[in-house]
There are 2 protein chains.
Amino acid sequence: MKYPVNLELFADTKHSPSIFELTASMNGKGAGRLRDYCIPVNPYFPTPQMFDSLRSRLETILKFYPSSNQDIARRLADFVGLDPDTLIIGNGSTELISFINRLLVTESIAIPVPTFSRWTEDPTLSGKRVHTFLRYAQNDFRLSPGEFVGNVLRSGARAAVLCNPNNPTGALMPRGDVLRVLEALRSLDVVVIDESFIDFADEQVVPSVDRDVKRYTNAVVLKSLGKNLGLHGVRMGYAVTNPELAQRLQRALPFWNMNSLGQALIEELPQHRDEYEAGRRQVVRDRIYLEDRLRTVPGIHVYPAQANFVYLQMPDGIDGVTLRNRLLCEHGCLIRECGNKQGSDSRHYRIAARPRPEIDYLVECLTECLNALTPHAPARRLRPIELAMWAGK
Amino acid sequence: MKYPVNLELFADTKHSPSIFELTASMNGKGAGRLRDYCIPVNPYFPTPQMFDSLRSRLETILKFYPSSNQDIARRLADFVGLDPDTLIIGNGSTELISFINRLLVTESIAIPVPTFSRWTEDPTLSGKRVHTFLRYAQNDFRLSPGEFVGNVLRSGARAAVLCNPNNPTGALMPRGDVLRVLEALRSLDVVVIDESFIDFADEQVVPSVDRDVKRYTNAVVLKSLGKNLGLHGVRMGYAVTNPELAQRLQRALPFWNMNSLGQALIEELPQHRDEYEAGRRQVVRDRIYLEDRLRTVPGIHVYPAQANFVYLQMPDGIDGVTLRNRLLCEHGCLIRECGNKQGSDSRHYRIAARPRPEIDYLVECLTECLNALTPHAPARRLRPIELAMWAGK
C-alpha cells in the first residue's frame, strides 16, 4: 500500500471518515498527501487575500465572544438581499436540520432517497417515523412535482424534505416546480427545500425559492454557507422562512451558535462578491469537465448533475468498496462510495468537482484501478501513455 | 467623548454588546482600542506558538468537515483523563445549556441568583418555570449545601443548577459540599454543576466533581473550554455525566457541532499542558492583584472571588450605568454592569482579571471617574500623581 490508511475507519460511521482521520491513521507514512474527492469544497474561495486577513486578525477574532445569532443574521441578510426577519443563522446546516427535526417535525417525515443522510438519521434518532421513496436512475433521479407531492401525501407524513439539487445525485427541480410543490403541500406541518448546493447548479444563477417561502406558513429553505464558501470546517448555514417560524427557530437555537471566525467571514463577504461569483462559475465549469472526463471511462455511467459533484455508477462486476479502497490506498484518492446511503448501493459513487489537474489525476487512477479490477482484464499493465490515450486525453 | 461608542447597543440585549460591535460603532474615530474587562478571557493561552501553528494550517483546518462530536470527545477525554463514555462536546457551553434545558429539564428549574443569564433565559424561552432564590451579599454570596438543597426542595422544581464558582459573584462551594448536594438531590430529574470557571478558582487546583458525577443518575458537570483556553470565539465546551445520559445528549446534538478550529486546538493541547498550567496560575495571580488594587479605591466593596473575575459594589450615590458609560466613553474601558441580572443591580460590576498594567490602568480610570461622579467631590480635578497616591500606589 502506497497510502497505508486504516480502512477500519470506514466502518465507524454513517458518513465518510474525515480526511484528517485518514491522514492521521497513516502515521506519516504515506507517499504524499491524500486528495479529497469526497467533500465537495469550493477551492476558489475564500481568496488568498481573505485568508491573509483572517490569519492576521486570528487572535482578536478568536479571543472574544461572537455577536448573537440575530446580529450576525442581520448582516448576512443584508449581503444576500433578504428580509432579516426571515433569516436564521446556524452552526452549519446540520444544526438547522437538528432543530427543524426537533421543533417542526412532530411525528413523521417523507423524503426521497438517496439523500443527505442527516435528513434520515436525525429524525430516526429523535423517534420520528421516516417515510422514504425512491428517485429512479432511469429518470436521472429527477422527480416531477406531481411524483413528489403524490408520494408525500400517500405516506401520510406531516413533514417533507426536498434536497434541491439533490445530494448525492445532483438532480434539480426547477423553481416553478418547487413552487407547485409548496402550493400542494400547504396542509403539512413543514416542507423543507434544502438548497445547500444550488449555487453550483449552473453557470447562470439558478433561482432559489428563498424569496418565496415567506408566503407560506410551513415552508423553510435551507442553505449551507460552508459549502458555498468552501469552508466546511467553520460550520455556517442559514434557513429562510416566514417571520413567525423564523422567530420560533431563532429562540430555540443556542444564543451564541455561530463562532467568531464565521462572523468575521460574513463581515468580509460584501467586499468579495465578485471573487465569489468568479469562483462559483469556475466550480461549475470544473464539474462539467469532470462529467466529460468521466464519460470517457469505459463502463462508467455518469448521471447529469447540477451541483459541485457528480453521481455515477461503476461497471457490472466491480465491487465498489474494493475499488474505493484501491483508489485510496494505491493512489491517495478519497471518493464517496454510497453503499451506506438508503436508495443507493456500493456501485454508486459521488465525486466532488476539483480543479482540472486533480480531475485528470483521478480519472487516470480510476481507469487504472478499473482495468486492474475488471474480470478478464489484460494481464499486461497499461503504460501511462496508453492509459491517457485510452481515456481520450 | 474620547471613545464615541454607540451606547444604544447596551439596550439591545440581555448580554453586553460584544467588543467588536462597540468598536465598529465608533467608525474608526476612537482615541485608541477599547479594553475589555467584561469578558473573562485567559490572556496567556493559547501561546503565540500555538497561534502560529493555527495560522499556518488555517486553510487546511477550515476547508474540511471536522470529525464527529464523538471522535473529538474521545480525544478531549484522553487529555482531561476522563472516561470517554461520560464526556460530550458542545459548540460552547451555551449549546449544552440549551440541550440540557430542552432534553432534561422537563417542567421547572431552580437556581440561585445572580447567575449566568443563559441559565434563567433559556428555560424561560422554552416555557419552563424558573424558581430563583437569592445568594446574599452578607455571606459573600456563598451558599451552604443545606441552604441550596432546602431552597431547591421547597421550590418543588424537578431540576437545579449550581454555578460553581458562581458567575458573576465568584463564590465557590467546596467539592465535599457539592457532593452533599448531589446526594440530597438524587430524586430530581437533573442537577447541573456548572464549573465553567473552576480552573481559575485558586493557584492550587480546586477539585472538580467531574469524576464523581457518573455515580449519579441525574448529575451533569458543565465545563467551558472557551473560557479556560481563552478563546470564547471558537465555541467549545463539554459536559460530563453518566454514560446513559451522555449518550442521550450526544444523540440529540447536531452531528458536526464542533468546528474544525476547535478540533485542531483540542488536538494540540497535549503538547501544551505546561503552558496552560502556567497561564492558569498567572490568571489567578492577576485576579488576586485585581482584588487588592480595587480594595484601595475608597467606597468600593470587593467580594472575595474564586474565579478569573471580581464582583464588586460601587459606593452609595453612584449610578452604575453612568459610571460604566463614563469608563467606556472617556477611558475606553468596557466593564460588565450587572443591572440586568436577576438578583443583582446596576451598582454591581463584574470585572475580568487582566495582566497587571491593564489592571493599573483600569483602577486609575475608575478612581478618576468615581471622583468626578461622587456628590460633593472637590471641584479641582486631582492630578495623576495625587490620584495614584490616593489609590495607595
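How many disulfides does the structure hold over all chains? The points below take this up, then turn to the two copies, a helix and a sheet.

1. The model is predicted. Over all chains, the structure holds zero disulfides. A disulfide is a covalent bond between the sulfur atoms of two cysteines. For a pair to count here, the sulfur atoms must lie within 2.5 Å. Cys38(A) does not meet this: its nearest cysteine sulfur belongs to Cys338(A) and is 8.7 Å away. Cys38(A) has 2% relative accessibility and so counts as buried.

2. A second cysteine, in chain B, can be read in the same manner. Cys369(B) is in no disulfide, and the nearest cysteine sulfur, that of Cys365(B), is 6.6 Å away. With a relative accessibility of 0%, Cys369(B) is counted as buried, the limit for that class being under 20%.

3. Next, the relation of the chains. Two copies of a chain are related by a rotation about an axis and a shift along it. Here a turn of 180° with a shift of 0.0 Å along the axis lays chain A on chain B, with an RMSD of 0.0 Å. This is the relation of a two-fold axis. Within chain A, Arg55(A) has the C-alpha nearest the axis, at 2.7 Å from it. Both copies use the same surface, since 100% of the contact residues of chain A recur in chain B.

4. Helix H2 of chain A spans residues 48-56, and its buried residues are Met50(A), Phe51(A), Ser53(A) and Leu54(A). Viewed down the axis of H2(A), these residues fall within an arc of 160°, so they line one face of the helix. An α-helix has 3.6 residues a turn, so residues three or four places apart point the same way. On the face of H2(A) turned away from the buried side are the exposed residues Pro48(A), Gln49(A) and Ser56(A).

5. What covers the buried residues of H2(A)? The cover includes two helices of chain A, H3 (58-63) and H11 (260-268), and also helix H3 (58-63) of chain B.

6. Chain B has an open sheet of four strands, in the order S9-S10-S13-S12, with antiparallel pairing. Strands S9 (301-302) and S12 (336-337) of chain B stand at the edges; each has a single partner strand, so one side of each is left without a neighbour in the sheet. S12(B) is joined by two bridges to strand S13 (residues 348-352) of chain B, and the two run antiparallel. Opposite Arg336(B) stands Arg350(B) in S13(B).

Notes
Residues are numbered from 1 along each chain as its sequence is written. Chains are lettered from A and ligands numbered from 1 in the order in which they are written. This is a predicted model: local features need pLDDT of at least 70, side-chain atom pairs count only at pLDDT 80 or more; totals for chains, interfaces and linings use all residues. Side-chain values use heavy atoms; hydrogens and water are left out. Buried means under 20% relative accessible area, exposed over 50%, partly exposed in between (1.4 Å probe, protein chains only). The arc is that of the directions from the helix axis to the C-beta atoms. Contact means heavy atoms within 4.5 Å. Copies are superposed by least squares on the C-alpha atoms of residues with pLDDT of at least 70 in both. Two strands pair if DSSP finds at least two bridges between them.
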